[in-house]
Amino acid sequence: MAGAKVNLLDSKGQIINTFITGNDGAYTFDVDNADAYVLNGEKPKYFDGKNKAVVTEESDVVTSDVVLEKDPGFFLYCRFYGGCASLS
C-alpha cells in the first residue's frame, strides 16, 4: 500500500524509525540483532495496523507484515437499553 507510514518501536515503546512506503508498499529497517520490535502502520481512511518482529542472533532478514484495513466511514452506536443506529 503506497503512502502508508510505518513506525518501528523498540521494546520500550519508543519510536526509533519511521518509513513512508513507496508504490510497492514495501518498507525496510536496519535493526540490532537479538531484540524485539513493534511495527505500527497508519494511513488516512484506514484502521491502524500493528505487528511484532523478533530478531534473533542468527537473523539476516526478518519479514513482518503490517495490515491496514479500509475504514468504511461509519460506525454503529448502541445503547444498552436501546437499539443500534448507523452514523456516518
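The sheet comes first. In this predicted model, four strands make an open sheet, ordered E2-E1-E3-E5, with antiparallel pairing. At the edges are strand E2, residues 15-20, and E5, each of which pairs on one side only. From one strand to the next, the twist averages 20°.

Now one pairing within that sheet. Strand E1, residues 5-9, and E2 run antiparallel and are joined over five bridges. To give one position, Asn7 has Thr18 in E2 as its bridge partner.

Next, charges. How many salt bridges does the structure hold? There is one. The partners are Glu42 and Lys5, with 3.7 Å between the closest N and O atoms. Glu42 belongs to strand E3 and Lys5 to strand E1, so the pair ties together parts that are 37 residues apart in sequence. As for solvent, Glu42 counts as partly exposed because its relative accessibility is 30%, and the cut-offs are under 20% for buried and over 50% for exposed. Lys5 is also partly exposed, with a relative accessible area of 31%.

Last, the largest pocket. The space in the largest pocket is about 370 Å³. It is lined by 17 residues, and those closest to the centre are Phe29, Val31, Val61, Val62 and Thr63. Which strands each supply at least two residues of the lining? Strand E3, residues 35-42, and strand E5, residues 49-55, each do. By residue class, the lining has ten nonpolar, five polar and two charged residues.

To return to the strands: E3 and E5 contribute to the lining of the largest pocket, and E3 also carries Glu42 of the salt bridge.

Terms used:
Residues are numbered from 1 along each chain as its sequence is written. This is a predicted model: local features need pLDDT of at least 70, side-chain atom pairs count only at pLDDT 80 or more; totals for chains, interfaces and linings use all residues. Side-chain values use heavy atoms; hydrogens and water are left out. On a 1 Å grid over the protein atoms alone, a cavity is a set of points where a 1.4 Å probe fits but cannot get out, and a pocket is an open set with protein on both sides within 12 Å along at least five of seven lines; lining residues have an atom within 4 Å of a point. Grid points are joined across faces, edges and corners, and a volume is the space filled by probe spheres set on the points. Ala, Val, Leu, Ile, Met, Phe, Trp, Tyr, Cys and Pro count as nonpolar, Asp, Glu, Lys and Arg as charged, and the others, Gly among them, as polar. Two strands pair if DSSP finds at least two bridges between them. Axes are lines fitted to C-alpha atoms, for helices over the stretch in contact, and angles run from 0 to 180 degrees between N-to-C directions. A salt bridge is a side-chain nitrogen of Lys or Arg within 4 Å of a carboxyl oxygen of Asp or Glu. Buried means under 20% relative accessible area, exposed over 50%, partly exposed in between (1.4 Å probe, protein chains only).
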